[in-house]
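Thanks, everyone. I have one structure to go through today. Please have it open while I talk.

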Amino acid sequence: KSENKWEAWQTFNPGVILLNDKAHFLYRAIGEDGLSRLGYAMSQDGFIIDERLSYPVYEHKIGQRPAFNIFSYFSGGSWGGAEDPRIIQVDGEDTLYMTYTACDGGLRVALTSIKVTDFLNKKWEWKPPVLISPPGEVHKNWVIFPEKINGQYAILHSISPEILIDYVDSLEFEDDVYVESFHGSEPRENCKRGCWDKWMRGVGAPPIKTKYGWLIFYHAMDDDWSKYKVGAMLLDLNDPTKILHRSPEPVLEPTEVYENNGFKSGVVYASGAVVKEGKLLIYYGAADSYIGVASADFEEFLEALRKKVKPKLKRELLKSPTP
């Protein structure tokens with residue numbers, strides 16, 4: 001919407017949650033001032049946008065603001081703000097938790113929350129965010145599991161060189177209390193030449209519980225760093241550091257025109273996923289400029305993943321309502 005200056009440059013990488021059988025989106029928008037903010041949209045069927053607000057519903061407001069830095073620019077084209085939200089409800093609690101990348105003295109992971117009733121009533125009374133990744137390190141792509149595991153909240157914060165999960169009794173973090181995570185980049189261990197996910201960048205959407213394990217999507221690259229691709233894994237329900245199944249090839253890669261024409265060509269970034277009426281709906285940023293949805297029969301997708309067969313996904317851009 002070019003008439004809205006706060007989202008005039010780019011709209012992409014949505015966090016998505018299913019509430020009352022409707023898909024609610026918090027999408028990343030970059031405005032004319034170069035800052036990333038979060039906008040809100042809603043779809044009843046998951047494909048057509050039925051409602052979209054004309055104003056941002058979340059801005060990052062701690063530390064340096066605006067925090068102009070080159071890390072943020074290379075992270076998607078903005079000079080600061082809130083990037084790439086993931087929103088989750090844990091065990092049906094009355095609170096929604098959101099992790100996101102905060103351009104705050106670098107790129108760090110921030111955590112905030114909002115009451116479910118406030119969210120549904122569009123009372124954007126977010127709890128003041130806390131930075132949960134250490135200062136002086138670049139971190140992104142942290143997700144919270146939608147259920148407690150062994151009675152504790154679970155935060156998945158790295159998948160390379162191994163899956164790292166922190167278990168905490170509360171998501172009310174104190175200041176200066178951080179999750180210590182792997183910091184850096186290493187190729188995937190025992191990755192043969194030509195491995196499509198040699199460089200595993202991070203988790204996409206929050207985990208989805210299935211009868212076979214936790215389904216997660218992740219972003220990875222081979223030695224061609226110009227192409228972001230999406231893979232899938234099933235993790236053990238009781239110990240999600242154990243990988244049960246991994247897709248032998250990408251489940252989503254940039255082949256469509258709109259995935260290769262935008263601010264950052266060749267990027268598909270799956271930041272939200274829900275299961276609605278038996279369908280798996282994966283929402284992703286395309287070329288850091290558009291929002292697409294890839295869909296499949298949920299059971300067929302899981303069977304293909306378990307059998308190491310490439311699942312069939314139908315791809316399209318999210319549609320605006322017909323005037």
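The accessible surface of the protein chain comes to about 13,900 Å², and carbon and sulfur atoms account for 49% of that surface. This is a predicted model, so every value I quote is computed from it. Of the 323 residues in the chain, 57% are buried.

Now the overall dimensions. Along the principal axes, the C-alpha atoms fill a box of roughly 50 × 45 × 40 Å. The radius of gyration is 18 Å, which agrees with the value near 20 Å that a compact globule of 323 residues would have. The secondary structure comes to three helices and 20 strands. As for contacts, if we take those with a separation of 6 or more, 53% are between residues 24 or more positions apart.

Next, the largest pocket. Its volume is about 870 Å³. Which residues are closest to its centre? They are V138, K140, N141, R201 and Y228, out of 37 that line the pocket. Four elements each supply at least two residues of the lining: strand β1, residues 10–19; helix α1, 70–74; strand β10, 153–158; and strand β12, 199–203. The largest share comes from β12, with five residues. By type, the lining divides into 16 nonpolar, 14 polar and seven charged residues.

On to backbone geometry. A cis peptide bond joins S160 and P161, with omega at about 5 degrees. P161 is in the loop between β10 and β11, and β11 covers 164–168. The β10 strand before that loop also supplies at least two residues of the pocket lining.

Two residues other than glycine have a positive phi that I want to point out. Phi of E277 is near 55 degrees, and phi of D288 is about 55 degrees. E277 is in the loop between β17, residues 268–276, and β18, residues 279–286. D288 is in the loop between β18 and β19, the latter being 290–297. Buried or exposed, then, for E277? With a relative accessible area of 67%, E277 is exposed, because the cut-off for that is over 50%. D288 has a relative accessible area of 3% and is therefore buried, the limit being under 20%. One distance for E277: its C-alpha atom is 9.4 Å from that of D45, and the two residues are 232 apart along the chain.

Two more positions, starting with Y97. Y97 is in strand β6, residues 95–103, and is buried at 7% relative accessible area. What does Y97 touch, leaving aside residues up to four places away in sequence? On the list are R86, I87, I88 and V90, then L111, T112 and S113, and further along I144, Y153, L171 and E172. The C-alpha atoms of Y97 and D169 are separated by 15 Å, with their positions 72 residues apart along the chain.

The other position is P254. P254 is in the loop between β16, residues 243–246, and β17. P254 counts as buried, at 11% relative accessibility. With residues up to four places away again not counted, P254 touches K227, Y228 and K229, as well as E259, N260, G266, V267 and V268. Y228 in that list is also one of the residues closest to the centre of the largest pocket. So is N141, which is 113 residues from P254 along the chain, with 20 Å between the C-alpha atoms of P254 and N141.

To recap the points worth checking on screen: the cis bond between S160 and P161, the positive phi values of E277 and D288, and the lining of the largest pocket, where β12 has the largest share. That is all from me.

Conventions. Residues are numbered from 1 along each chain as its sequence is written. This is a predicted model: local features need pLDDT of at least 70, side-chain atom pairs count only at pLDDT 80 or more; totals for chains, interfaces and linings use all residues. Side-chain values use heavy atoms; hydrogens and water are left out. On a 1 Å grid over the protein atoms alone, a cavity is a set of points where a 1.4 Å probe fits but cannot get out, and a pocket is an open set with protein on both sides within 12 Å along at least five of seven lines; lining residues have an atom within 4 Å of a point. Grid points are joined across faces, edges and corners, and a volume is the space filled by probe spheres set on the points. Ala, Val, Leu, Ile, Met, Phe, Trp, Tyr, Cys and Pro count as nonpolar, Asp, Glu, Lys and Arg as charged, and the others, Gly among them, as polar. The radius of gyration is taken over C-alpha atoms; the globule rule is 2.2 Å times the number of residues to the power 0.38. Buried means under 20% relative accessible area, exposed over 50%, partly exposed in between (1.4 Å probe, protein chains only). Contact means heavy atoms within 4.5 Å. Accessible areas come from the Shrake-Rupley method with a 1.4 Å probe; for residues, only the protein chains shown count as cover.
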